[in-house]
Amino acid sequence: MLRRFLFAAGMAVVVGACSTSKVPAPAAAVDPGRLEAMVKVLASDAFEGRAPGTPGEDKTIAYLIEQFQAIGIQPGGPDGQWTQAVPMMRTFLESPQLAFTYPQGQLQLVQGENIEVSTVRAAEHIHAEEVPLVFVGFGVTAPERDWDDYGDIDLTGKIAVYLVNDPDFAAEPGEPAAGRFGNRRMTYYGRWAYKYEEAARRGALGALVIHETEAAGYDWSVAAAGAGERVALASNATGPAPIALQGWLHEGAATELLAMAGHDLATLRRAARQPDFSAFELDGVQFRVHSDVTVTRFDSRNVLGLLPGSARPDEVLMVSAHWDAYGEGPPDAQGRTVRAGANDDALGTAGVLEIARVLQTGPPLERSVVFALWTAEESGLVGSRAYAVDPVYPLETTVANFTLDILQTAGAAQDVILVGEGQSSLEDDLARAAAAQGRYVTPENLPENGLFYRADHFSLARAGVPVLLLMGIAGGADLVEGGRAAGNQWIADYVGNCYHKPCDAWSPDWDLSGAVQDIELFLRMVEDLGNARRWPEWRPASEFKAVRDNSAAARREDG
Ligand SMILES: [Zn+2]
């Protein structure tokens, strides 16, 4: 606690220096009382769990705009509006008939049991017979790592069958793939989103990823939980049309499928780890799908606030969190139905509002700061993706994105957890800002879970913007009281009992001193970069360096 108060006092002096008051203004530090008050409102029953497209959304949007107005932030959306429209759709496959067929018979596939498929195409039916299947291994095309699994295979109108994760996840030391994809650390190439996009780029009808618990980072029940429903961005003018069918194939069904074509899953896994592996069609086996699709369209909104820069307003720093949560669900043991998302991510949202308030109170920054409160993160990063494909401020001159998504509520920490080690120079900024707080940086302890690819900052990363995410479940913090063991215990309790459940509610047991430290970290980094001329950069090994490099001419260091 002492460390936090020292730091807060330091913040106040910075602002006090430019005012005539002898007493440092108390408004200059992140205020845990304000965080708590905002979380209590956002996570209250009246907000119904803040599901996009519900009355809970209307209340949330009105409240967020009110907060921005009260602290003197300008509207930051298109045409001077507070909000950016996010057209969305919900698709559901109605009792899909699915099977693998081969001359001797067929393997019936049962939605939720041995397959989980859905669609992000706004079509009323999906009907396809005698569809060829192609085993594509990990399905990676990574020129910077000298890796290509596709060769000259044509995927047009076919189903691509993928292994989950990337080629070196299970590689033994000494295998040629070892270390080519960050070892156990997940790369973008390991994520299902990448695999679906690659299949779409190649004109495939669909993509099935063979589920494995360890390599996926979650078990079959989680993979199958979608149950044929998807929520997605309804209009996506850029990029190829999405595949018609996407999802997971249970390991058992995959084993049977490959056996029908005369192959063995374990053997193919080893083969796919070899650099000379090339995709091939599964002889004699075909896929069949018949399903009606229910498509429901609705509109949601991102909320955007702006603090214009005094000298270089076109250079934009972005601080963000997601306002949405999981709406209402089945009652828990205490009869609660509202999944309030108090921590995930009402607390992050409150953190963004606090950063906005403190910056607005302080001396103007040379660069602009945009405060982005995204919708539909829980539906698959939809709001942030809508922004990335139709940005209000050019992405090539967006300096960095800072994202708060789940902050630990167990008290002050000696360290801060870094998600995505080795991705960008922002980790150097983080280390400096943490040192100024008397804290040190600890890399996330489960990089194989790929958290770097699972929050809204990732939508910006894919578009080339350097990003930094603070996420309380990325690794147990070294707490001032109780050390790392206490930090790990907090994660075990939160993830085990509360994550995405009614239990994620405000509690009088919350100790926000660690969350305040993290919010102040971002505040300090934004203040620093807000008056700097430098542009954070991706590291040479990052999957996102190439796209950023394409727009290098738009960024000048000399102003
Ligand atoms: Zn979240």
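I began with C503, which is partly exposed in this predicted model, at a relative accessible area of 24%. I then looked up C498 and noted that this residue is buried, with a relative accessible area of 11%. The two belong together, since I found a disulfide joining C498 to C503 with an S to S distance of 1.9 Å. When I searched the whole structure, one disulfide turned up.

Next I turned to helix packing, starting with α2 (residues 32–42) and α3, whose axes lie 11 Å apart at an angle of about 160°. Because angles over 145 degrees count as roughly antiparallel, I recorded α2 as roughly antiparallel to α3. I noted a right-handed crossing for α2 and α3. On the α2 side I listed A37, M38, V41 and L42 as making the contact, and on the α3 side T60, Y63, L64 and Q67. Sorted by class, this contact of α2 with α3 holds six nonpolar and two polar residues, and no charged ones.

I then followed α3 (residues 55–70) to α9 (residues 342–361), and found the two helices packed at an angle of about 20° with their axes 10 Å apart. I therefore entered α3 as roughly parallel to α9. I also noted that α3 passes α9 in a right-handed crossing. The contact here is made by L64, Q67 and F68 from α3, together with T349, L353 and A356 from α9. By class I wrote down four nonpolar, two polar and no charged residues for the contact of α3 with α9.

Comparing my lists, I saw that L64 and Q67 of α3 appear in the contact with α2 and also in the contact with α9.

Key:
Residues are numbered from 1 along each chain as its sequence is written. This is a predicted model: local features need pLDDT of at least 70, side-chain atom pairs count only at pLDDT 80 or more; totals for chains, interfaces and linings use all residues. Side-chain values use heavy atoms; hydrogens and water are left out. Axes are lines fitted to C-alpha atoms, for helices over the stretch in contact, and angles run from 0 to 180 degrees between N-to-C directions. Helices (H or I, at least four residues) and strands (E, at least two) are DSSP runs, numbered from the N terminus. Angles under 35 degrees count as roughly parallel, over 145 as roughly antiparallel, 65 to 115 as roughly perpendicular and the rest as oblique. A crossing is left-handed if the near helix is turned anticlockwise from the far one by less than a right angle, and right-handed if clockwise. Contact means heavy atoms within 4.5 Å. Ala, Val, Leu, Ile, Met, Phe, Trp, Tyr, Cys and Pro count as nonpolar, Asp, Glu, Lys and Arg as charged, and the others, Gly among them, as polar. A disulfide is a pair of cysteine sulfur atoms within 2.5 Å. Buried means under 20% relative accessible area, exposed over 50%, partly exposed in between (1.4 Å probe, protein chains only).
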